[in-house]
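Colleague: Please give me a close look at a single part of this model, and then place that part within the whole. I should like the cut-offs stated as the terms arise.

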Amino acid sequence: MNSQRVLIVDDLAVNRIVLRHVLQALDCSVCEAASGPEALEQLANQNFDLVLLDIHMPDVTGFDVIENLRRIAGPNGATRVVAVTADVTHPHCKYIDAGFDDYLNKPVCMQHIAGQVAQAKRAELSDGVGQAQVCSALA
């Protein structure tokens, strides 16, 4: 079985280290980006099954990255992207409406990350009806 290719995007090295260790324990192949521009570069040139994207980064935020990713044609336009944030003030649908497939609150736990990896695997086989469509229908 092929391992899932996951891009971790976070400006804080310690957050990337924690996520990398968890994802490697789940047999994922991991790439990292320390900024929004670095993430966009990798997203334009490599295929990923899942992106874990920090929201609060200097200069180019997670919201900026997802907007660019969903707007511009490329290999990851339909890739599952999960917002990773310590900000609990935004409702879940704010992330969905921005183009994210889901979100995780920091600190993240292994079970929640494993759930996202499983969702990315299922998305490869699904009919494309996702949480974003359900959330938009409820709005």
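**The surroundings of Gln46**

Modeller: With a relative accessibility of 27%, Gln46 counts as partly exposed (buried is under 20% relative accessible area, exposed over 50%, and partly exposed in between, with a 1.4 Å probe and protein chains only). The model is a predicted one, in which local features need pLDDT of at least 70 and side-chain atom pairs count only at pLDDT 80 or more, while totals for chains, interfaces and linings use all residues. Residues are numbered from 1 along each chain as its sequence is written, and side-chain values use heavy atoms, with hydrogens and water left out.

Gln46 belongs to the loop between α2 and β3; helices (H or I, at least four residues) and strands (E, at least two) are DSSP runs numbered from the N terminus. Setting aside neighbours within four places in sequence, the contacts of Gln46 (heavy atoms within 4.5 Å) are Arg5, Cys31, Pro75 and Asn76. With Arg5 there is also a polar contact between the two side chains, at 2.7 Å; such a contact is a pair of N or O atoms within 3.5 Å, where within protein one must be able to donate a hydrogen and the other to accept it, and residues adjacent in sequence count only if both atoms are side-chain atoms. Gln46 and Leu7 are 39 residues apart along the chain, and 9.7 Å separates their C-alpha atoms.

Arg5 leads from this loop into the sheet. Five strands, in the order β2-β1-β3-β4-β5, make up an open sheet with parallel pairing (two strands pair if DSSP finds at least two bridges between them). At its edges are β2 (29-33) and β5 (102-105), each of which pairs on one side only. Strand β1, residues 5-9, is joined to β2 by five bridges in the parallel sense, and Ser29 in β2 is the bridge partner of Arg5.

Asn76, one of the contacts of Gln46, leads in another direction, to Thr79. The side chains of Asn76 and Thr79 form a polar contact of 2.9 Å. Thr79 sits in the loop between α3 and β4, and Thr79 counts as buried because its relative accessibility is 8%. Beyond four places in sequence, Thr79 is in contact with Phe48, Asp49, Leu50, Val51, Arg70 and Asp101. Ala120 is 41 residues from Thr79 in sequence, and the C-alpha atoms of the pair are 8.1 Å apart in space.

Arg80 follows, in strand β4. Despite its charge-bearing name, this residue needs no special class: Arg80 is counted as buried because its relative accessibility is 11%. Its side chain makes a polar contact of 2.9 Å with that of Gln116. When neighbours within four places are left aside, Arg80 touches Asp49, Leu50, Val51, Asp101, Asp102, Gln116, Gln119 and Ala120.

Val51 appears in the contact lists of both Thr79 and Arg80. Its own contacts, not counting residues up to four places away, are Leu7, Val9, Leu43, Thr79, Arg80, Val81 and Val82. Val51 is thereby a link to the interior. In the largest nonpolar core, which has 18 residues, Val51 is among those that touch the most other members, together with Leu7, Val9, Leu43, Leu53, Val81 and Phe100. A nonpolar core is a set of buried Ala, Val, Leu, Ile, Met, Phe, Trp, Tyr and Cys residues joined through side-chain atoms within 4.5 Å. At least two residues of this core come from each of β1, β2, α2 (36-45), β3, α3 and β4, and α3 contributes the most, with three. Another core lies apart from this one and has 14 residues, including Val6, Leu19, Leu52 and Leu104.

As for the whole, the protein contains six helices and five strands, and its elements run β-α-β-α-β-α-β-α-β-α-α from the N terminus. Of its 139 residues, 36% are buried. Among the contacts between residues at least 6 apart in sequence, 62% join residues at least 24 apart.
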